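Visitor: I would like a close look at a single part of this protein, and I would be glad if you could then connect that part to what surrounds it. Please take your time, as I am new to reading structures.

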Amino acid sequence: MSDGGQGPVSGALAIDLEGELRRLRAEVEALRARAEAAEAAADHDVLTPALNRRGFMEALHRTLAYCRRHDVPAVLLYLDLDGFKGVNDALGHPAGDAALKRVAELMLANLRESDAVGRLGGDEFALLLLNAGADEGRDKARRLLEALNSDGFEWEGERVPLGGSFGVRAYAGQPDAETWLAEADAAMWVKKKGR
C-alpha cells in the first residue's frame, strides 16, 4: 500500500528542506549585511569618522544636483590644518593620527545631519553645508577655527592646540563637483598665504 508520499521518509525530507531554507535565508542575510558594511567602509575614512574622498565627492555630486534642481543654497568649506607636520615631527605619527581623529570628531559634532564632512587626504578636510550661504560658511569656519585652537586634542595628558586655514565657496552654479572643490581649495590657499 502506498501512503501517498506522506510516510516517515517524505515527512523527514520536508522538515530537512525547511531547515535548509532557514539556514540559507540566514546566510543570505549575513552576506547582505557584510556587503552593506563593505559598501559603507568604501566611503568612509579608515582613520577618522569622516567620509573619505570618494564618499565626500559622491555627497558633493548629489548636493550639486539638488542645488541645481531645487535652487537651494549650499556652501563648501575646505580646511587645511596649519602646522600639522610639526605635530607629526615633534610628537610622532600616533599623535598626528589622534589629531586627525579629533578634527573629524569636532567637525561632525558641529554640523547638522544634512551636512557632510570628508577627509580628502593627509590633513585636508572638506565640509558641505546644505541650505547655507557664504556668510554662514564663513561664520562656521570662524567658529570651527576657534574650537580647533581652544580644544585642540589631548596627547599624553597635554592639550595640544590646532589651527587651520579654511577656504569658503558658496554654490554659484559651478559646472561640476570637481570645479566647486577646486574653488574652495584655491580660497583656502589664499587664506593660508595671507597669514
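Guide: Leaving aside its neighbours within four places in sequence, Gln-174 is in contact with Leu-64, Arg-68, Arg-169, Thr-179, Trp-180 and Glu-183. The model you are looking at is a predicted one, and what follows should be read with that in mind. Gln-174 sits in the loop between β6 and α6, and with a relative accessibility of 3% it counts as buried, since the word is used for anything under 20% relative accessible area. The side chain of Gln-174 also has a polar atom that lies 2.7 Å from the backbone nitrogen of Ala-172.

Pro-175 is found in that loop between β6 and α6 as well, but its relative accessibility is 57%, so Pro-175 counts as exposed. Not counting residues up to four places away in sequence, Pro-175 touches Leu-64 and Arg-68, and both of these also appear in the list of contacts of Gln-174. Along the chain Pro-175 and Leu-64 are 111 residues apart, while in space their C-alpha atoms are 8.9 Å apart. Such pairings fit a wider pattern, for among the contacts in the protein with a separation of 6 or more, 67% are accounted for by residues 24 or more positions apart.

We can now follow the chain out of the loop in both directions, beginning with the strand on one side of it. Strand β6 covers residues 163-170 and belongs to an open sheet of four strands, which are placed in the order β2-β3-β1-β6 with antiparallel pairing. The edges of this sheet are held by β2, residues 116-121, and β6, and each of them has a single partner strand, so that one side of each is left without a neighbour in the sheet. From one strand to the next the twist averages 20°.

Moving across the sheet from β6, we come to strand β1, which spans residues 74-82 and is joined to β6 by eight bridges, the two strands running antiparallel. Within this pairing Leu-77 stands opposite Val-168 in β6. Strand β1 is also joined to β3, again in the antiparallel sense, by seven bridges, and here Tyr-78 stands opposite Ala-126 in β3. Strand β3 in turn pairs with β2 over five antiparallel bridges, with Phe-125 in β3 as the bridge partner of Arg-119. In the hairpin that β2 and β3 make, two residues lie between the strands, and Gly-122 takes a positive phi near 55°.

Strand β3 deserves a pause, because seven of its seven residues are buried, so this strand is largely enclosed by the rest of the structure. Glu-124, Ala-126, Leu-128 and Leu-130 point one way from β3, whereas Phe-125, Leu-127 and Leu-129 point the other way, and all of these are buried.

On the other side of the loop comes helix α6, residues 177-193, which lies across β1, β2, β3 and β6 and runs at about 135° to β6. Helix α2, residues 53-70, lies across β1, β2 and β3, and its direction is at about 25° to β3. Glu-58 has its place in helix α2, and with a relative accessible area of 29% it is partly exposed. The C-alpha atoms of Glu-58 and Asp-43 are separated by 8.8 Å, and these residues are 15 residues apart along the chain.

Another pair of helices is worth following as well. The axes of α3, residues 84-91, and α4, residues 93-109, come within 6 Å and cross at roughly 140°, and α3 and α4 are therefore oblique to each other. Where they meet, Phe-84, Val-87, Asn-88 and Leu-91 belong to α3, and His-93, Ala-95, Gly-96, Ala-99 and Leu-100 belong to α4. Sorted by class, the contact of α3 with α4 has six nonpolar residues, three polar ones and no charged residues.

Stepping back to the whole, we find six helices and six strands in the protein, and read along the sequence they follow the pattern α-α-β-α-α-β-β-α-β-β-β-α. Of the 195 residues of the protein, 39% count as buried, and Gln-174, where we began, counts as buried with its relative accessibility of 3%.

How values were computed. Residues are numbered from 1 along each chain as its sequence is written. This is a predicted model: local features need pLDDT of at least 70, side-chain atom pairs count only at pLDDT 80 or more; totals for chains, interfaces and linings use all residues. Side-chain values use heavy atoms; hydrogens and water are left out. Two strands pair if DSSP finds at least two bridges between them. Axes are lines fitted to C-alpha atoms, for helices over the stretch in contact, and angles run from 0 to 180 degrees between N-to-C directions. Contact means heavy atoms within 4.5 Å. Angles under 35 degrees count as roughly parallel, over 145 as roughly antiparallel, 65 to 115 as roughly perpendicular and the rest as oblique. Ala, Val, Leu, Ile, Met, Phe, Trp, Tyr, Cys and Pro count as nonpolar, Asp, Glu, Lys and Arg as charged, and the others, Gly among them, as polar. Buried means under 20% relative accessible area, exposed over 50%, partly exposed in between (1.4 Å probe, protein chains only). A polar contact is a pair of N or O atoms within 3.5 Å; within protein, one must be able to donate a hydrogen and the other to accept it, and residues adjacent in sequence count only if both atoms are side-chain atoms.
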